[in-house]
Amino acid sequence: MIIRHAVLALALCVGLIGCQTLAREDAGADEDAVVSGDASPSTEAATEEGETAEESGDDVDAAEDFDSWVAAFRLEAAREGIDEPVLSEAFDTARYQPRVVELDRSQPEFVRPIWDYLDSAVSETRVESGRERLAEYRNTARRVEQRYGVPAEIIVAIWGIESNYGGNFGDFSTVEALATLAYDGRRPEFARRELMSALRILQRGDIEPQQMRGSWAGAMGHTQFLPTSFERYAVDADEDGRRDIWNSIPDVLASTAHYLDEAGWRSGEPWGVEVALDSDFDYALAGSDTRRSSGEWASSGVRPLEGESLPDLSEASLLIPAGAEGPAFMVGPNFRAILRYNNATSYALAVGVLSQRIAGESGIEQSWPRHEQPLSRQDVRDMQRLLNRLGHDAGTPDGVLGPNTRKGLRDFQRRIGETPDGFATQRLLERLRDRSSETGE
């Protein structure tokens, strides 16, 4: 959440999301998850800025206890070396934010289809805006590309998806948001660590407290860095003595590229390529756990959509995010570097495709199975319970479509004579219910 950052929550957008956000630090985040909003929590959070709801009695009590918590935290921060003037500026007017807690605890009812996410993340408006931003900052972007080896189009694509090119990176006070989450959030230790990091940034003088603003989850600036990611990766590219990801576009672009460079970006390699699969392709090979060379994938029935050969990748995986009826992609280490920024396949794919479109290339060629209806979290839990009941281990019924559930689905699909692609659909759920009724299990 650089966000490299954080937690996937409200569609990972409203629930805390990934690289620079809480979602990205979530050890249990499924890299094949589909977010139900733009990848960063800042997007949804920003729509709420300025709202002032009437405080309930519980909120008043929480606010009073929050003041006591802040007083104790200030003592701890002082022991950690934060100066009193910095603490005063940060906390003297800090208030408990009920909306932050509400967003932290929110969960989307339905899993958003990946094609819906990509429609918005890689919209024509965002493509055109990306081309305009790249033209406007072309010299800066190319200098950053030369220094870190990350293509300018990739950097600009992340900028576009994280904050719509700076148009919406949130207006929550980072200190207030993180203090509220540390006091009353689902992951208090995580937020406490980020809050202490934010204070160190203020003490260093990179930004003034009133300008340190971003998402409800604590992600900051144009490309949504969490404070700890800022400390590790932010760059003073304009050499004014401050690392400013709020107001300096050179700092924004260089910091984002530095993050990807440290995440393992390989200069000169593509993030991936859309591919076609032979009719007898073994879908059990799809997923991030199987890594092969391009030549090995070609021998397994993976073909380029265009050209005579696949790009030369030594550790590539195959992704089929919508099953056998949807597009397929061969992705390499640079795709995994994007996942370090935000651990959701939908997000990384959006960055890759948006970067291609900004560069004037085509987008995804194959069609999505748009006729498939989204599953609710309860639907997924039901599917997991039925798979377990029928002897296809799907793990704990938690409503999350992870690798165990997909493996169980593939086993069930083989059992009923269907292509075992592990793609969860309403039709498969009905087949499970029918089979369970037939067998009396």
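How far apart should the ends of helix α6 (residues 124-136) be, given its 13 residues at 1.5 Å a residue? The expected span is 18 Å, and the end C-alpha atoms of α6 are indeed 18 Å apart, which agrees. Please keep in mind that this is a predicted model.

Let's stay with helix α6 and look around its axis. Buried here means under 20% relative accessible area, and R126, V127, S129, G130 and L134 are buried in α6. These residues cover an arc of only 165 degrees around the axis, so they lie on the same side of α6. What do the buried residues of α6 pack against? Their partners are α5 (114-121), α7 (138-148), α8 (152-163) and α15 (345-358). Turn to the face of α6 that points away from the buried side, and you will find the exposed residues T125 and E136.

Now for a strand. Strand β3 covers residues 272-277, and five of its six residues are buried, so β3 is largely enclosed by the rest of the structure. Which strands does β3 pair with, and how do they run? The table sets out β5 and β7, each with a residue pair to look for in the structure.

| Partner of β3 | Residues | Bridges | Direction | Opposite residues |
|---|---|---|---|---|
| β5 | 302-304 | three | antiparallel | A276 (β3) and R303 (β5) |
| β7 | 328-331 | four | antiparallel | V275 (β3) and A328 (β7) |

In words, β3 runs antiparallel to β7, joined by four bridges, and antiparallel to β5, joined by three bridges. To find these pairings on screen, V275 opposite A328 is a handy marker for β7, and A276 opposite R303 serves for β5.

Conventions:
Residues are numbered from 1 along each chain as its sequence is written. This is a predicted model: local features need pLDDT of at least 70, side-chain atom pairs count only at pLDDT 80 or more; totals for chains, interfaces and linings use all residues. Side-chain values use heavy atoms; hydrogens and water are left out. Buried means under 20% relative accessible area, exposed over 50%, partly exposed in between (1.4 Å probe, protein chains only). Helices (H or I, at least four residues) and strands (E, at least two) are DSSP runs, numbered from the N terminus. Two strands pair if DSSP finds at least two bridges between them. The expected span of a helix is 1.5 Å times one less than its number of residues. The arc is that of the directions from the helix axis to the C-beta atoms. Contact means heavy atoms within 4.5 Å.
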